[in-house]
Amino acid sequence: MSAVYEYPAQRTPGTRRPVTVAVYAADPVLRVGVVQQLRQRPEVAFVDDADADSAHISLVVVDTVDDDVAALLQRLRHNTATRTGLVVGTLGSGALQRVVECGVTAVLRRAEADQDRLVHLVTALANGEGVLPGDLLGELLTHVGSLQRAALDPRGVSLSTLTTREADMLRLVSEGLDTAEIARKTSYSERTVKNVLHEITTRLQLRNRAHAVGYALRNGLI
């Protein structure tokens, strides 16, 4: 994925300095769409590839969150000069938790990414604020609540015994899906799916996936 370049909008004396933005998108159609939305707005100035790491905002535009996207988000997370926003087509099961763990603080669905919403996302990030659709905010709060319960009762058998990602994968196993099908459903790689399921069986001292599903069902975890 590469950043894009456009000449910054002209400013008149006394106007606020525009927020510098680097756009990352593997699909050139997605990249052009975002640039066309923002190029006429004086609040935004795009930077070229050479200066991408110094941009105030890194805007990642993708269809789904896969391992390559997660790797990019992790790289951007370690760049203290920039804050990261995500414009995404669809968020698979557990994907929100994944992008938050990668340091993303603003998410916008691509279907809702009109000019005003994109500018709002960029300026909110520049001001140190987060942006999430209402339903995703509810999902995030639920996840935070489960983490708090896990911290208070780390050895108890409760919903907090499994992370959201682990519970989602076990639920898909219980529906008869194999590793490849679970990977497609969750937007993770097959290797990640295998590692997560192996972690569950090892941590809970279970024999195999079927045993893990039975354990989770008996204890109300899925």
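Why does Gln37 count as partly exposed? Select Gln37 and take a look: its relative accessibility is 26%, so Gln37 counts as partly exposed (buried is under 20% relative accessible area, exposed over 50%, partly exposed in between, with a 1.4 Å probe and protein chains only).

Before moving on, know that this is a predicted model, where local features need pLDDT of at least 70, side-chain atom pairs count only at pLDDT 80 or more, and totals for chains, interfaces and linings use all residues. Residues are numbered from 1 along each chain as its sequence is written, and side-chain values use heavy atoms, leaving out hydrogens and water.

Still on Gln37, colour helix 1 (residues 28–38), where Gln37 sits; helices are DSSP runs of H or I with at least four residues, strands are E runs of at least two, both numbered from the N terminus. Beyond four places in sequence, Gln37 is in contact (heavy atoms within 4.5 Å) with Ala113, Asp114, Gln115 and Leu118.

Next, show the sheet. Its 5 strands form an open sheet in the order 2-1-3-4-5, with parallel pairing (two strands pair if DSSP finds at least two bridges between them). Strand 2 and strand 5 stand at the edges, each with a single partner strand, so one side of each has no neighbour in the sheet.

Zoom in on strand 1 and strand 3: 4 bridges join them. Here Ala22 stands opposite Ser58 in strand 3.

Finally, select Leu59. Setting aside residues up to four places away in sequence, Leu59 touches several residues, including Val21, Val34, Val87 and Leu121.
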